[in-house]
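Trainee: I should be grateful for a close look at one part of this model: its charged side chains and the places they occupy. Please set the neighbouring parts beside them where that helps.

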Amino acid sequence: MADRVKYLLQKRTSLKSQITTLSNLIDKGSINNATLKLRIARLTELYHAFEEHNDELAMADPNDAHHDEFVAIQERFYAIAGKIEDILLDTPNTSNSGNSSIETRTDNSENASVVKTRRIKLPEAPLPTFDGKYELWMSFKNAFQNMIGSRTDLSDIDKLHYLKSALTGEAANKTRILEIDGIHYTKAWELLERSYEVKRILISRHLSMITNMTVLERETSSALSKLADDTQQHVASLKALGVSVGPEMLVHMLESKLPRITLEKWELTLERDEFPKLDDMYEFLYKTAVCASKRERSKVTEIERDKGEPSAKRKCCATNRAFILNASRNCLACKIKRHPLYLCDKFKRLSVPKRIEFVKGAKVCYNCLRSHRDTPCKFSNCTICQKRHNTLLHLENYATASKTSATKPSMTKPEAAQTE
């Protein structure tokens, strides 16, 4: 196992070294595009290999430092990959032999050059959807207009098709109303704006969503992140509508939604006479969410480790715990019923010396026949001799108590005296 961990750490070190080297070469401008392509291909291959082994490293050597290191490497890899993509798209790539990696074709009739460049195919972004909720209209409008509405290479028929596929629920019913009249994209969009871009309602809805956010019961990563994200989304929508909410009021609203343990942590970060800034609150929520995520991940690891134990062992432990619990509640003498020892028929059938011996072995109080550790016994004395022992433990040869005993009860264990 140790050798495997060492191998994975060497993989990570090699990846970091190549990222640093490639970054330095790009900053110096001492590398051509052909070599750049080969290096990024090798770097990508190495990154994907380590990405596949990262989970194995986390299981073999559970340590939060490994996760943080991988996140840092991931960010550096994406940064360098994006920088290389920009270089390959913006500048011609000339190799040492003088051959160009850009294919140029001359059209004799127009003397124009057609340049073909190889682009990295990015995953297609999904269309935003809208179900008719007023508070979601502004974000949907901006996203759809940027992706579809503002494009000049799409016809109105294409835009209408995309719009219909993006609408669900009540919003989809709006466009169905005009299908009989031969609806087109412009008319459909105007209908949506007229229906949902009602400034008064939008402002009221976003303000209501801020004030009525759910009060968090527990400190979880998802809940804290959602609280910060939703607040910023509503604030941005209100700003687009020309409404600003005071940062002090927002901080107060967010504080009222935090669980007690999180609120106490937040108070420890504050100055005595200075009201906190809204950005500080957002930063605190995200940092606390990261800490909560680490705790949740460690709990999941413990659960998975417990699952790895043999089922027979788990069943045996559960049976032993159940047996100990049940045994501790049953009578010490008969071990069947749950009643005090002085009410047990089996105990009463024993002779007095046998009872004294049983109580001594069970390590319970001689007076109340129960276990109350170091606390004083509040049970009454023997009804026959008035000494500090239970009546069931009284021997006949001590039936008559002395005057001294009657006036001043002995604090010693008479059972021990009776047996001597």
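Mentor: Contact here means heavy atoms within 4.5 Å. By that rule, and leaving aside residues up to four places away in sequence, E255 touches L263, W266, L270, P276 and M281. The model is a predicted one, in which local features need pLDDT of at least 70 and side-chain atom pairs count only at pLDDT 80 or more, while totals for chains, interfaces and linings use all residues. Residues are numbered from 1 along each chain as its sequence is written, and side-chain values use heavy atoms, with hydrogens and water left out.

E255 belongs to helix α10, residues 247–257. Helices (H or I, at least four residues) and strands (E, at least two) are DSSP runs, numbered from the N terminus. Three more terms are needed for this residue. Buried means under 20% relative accessible area, exposed means over 50%, and partly exposed lies in between, with a 1.4 Å probe and protein chains only. Lys and Arg count as positive, Asp and Glu as negative, and His and the chain ends are not counted. A salt bridge is a side-chain nitrogen of Lys or Arg within 4 Å of a carboxyl oxygen of Asp or Glu. E255 is buried but has no salt bridge, and the nearest side chain of opposite charge, that of K257, is 12 Å away.

Where do salt bridges occur, then? The whole structure holds 8 of them. One of these joins the side chains of E135 and R205, at 3.0 Å from N to O. This pair links distant parts of the chain, for E135 lies in the loop between β2 (112–116) and α4 (137–149) and R205 lies in helix α8 (residues 199–211), 70 residues apart. E135 counts as buried because its relative accessibility is 10%, whereas R205 is partly exposed, with a relative accessible area of 30%.

A further salt bridge is formed by E193 and K141, whose closest N and O atoms are 3.7 Å apart. Here too distant parts of the chain are linked: E193 is in helix α7 (residues 185–196) and K141 is in helix α4, 52 residues apart. K141 has a relative accessible area of 17% and is therefore buried, while E193, at 26%, counts as partly exposed. K141 and E193 also join E197 in a network of salt bridges.

The pair of R260 and E264 is found within one helix. Its closest N and O atoms are 3.0 Å apart. Both residues lie in α11 (residues 260–268), 4 residues apart, which is about one turn of the helix. R260 counts as exposed because its relative accessibility is 62%; E264, at 42%, counts as partly exposed.

Helix α15 (residues 352–362) offers another charged residue that is buried. Its buried residues are V352, R355, I356 and V359. Seen down the axis of α15, these fall within an arc of 100°, so they line one face of the helix; the arc is that of the directions from the helix axis to the C-beta atoms. E357 and G361, on the other side of α15, are exposed. Just after this helix, K363 takes a positive phi of about 60°.

The nonpolar surroundings complete the picture. In soluble globular proteins, nonpolar side chains tend to be buried together. A nonpolar core is a set of buried Ala, Val, Leu, Ile, Met, Phe, Trp, Tyr and Cys residues joined through side-chain atoms within 4.5 Å. In this model the largest such core has 40 residues, and those with the most contacts inside it are W137, F140, L163 and L285. The elements that give it two or more residues include α4, α7, α8 and α10, which are helices already met above as the places of K141, E193, R205 and E255. Helix α12 gives the most to this core, with 6 residues.
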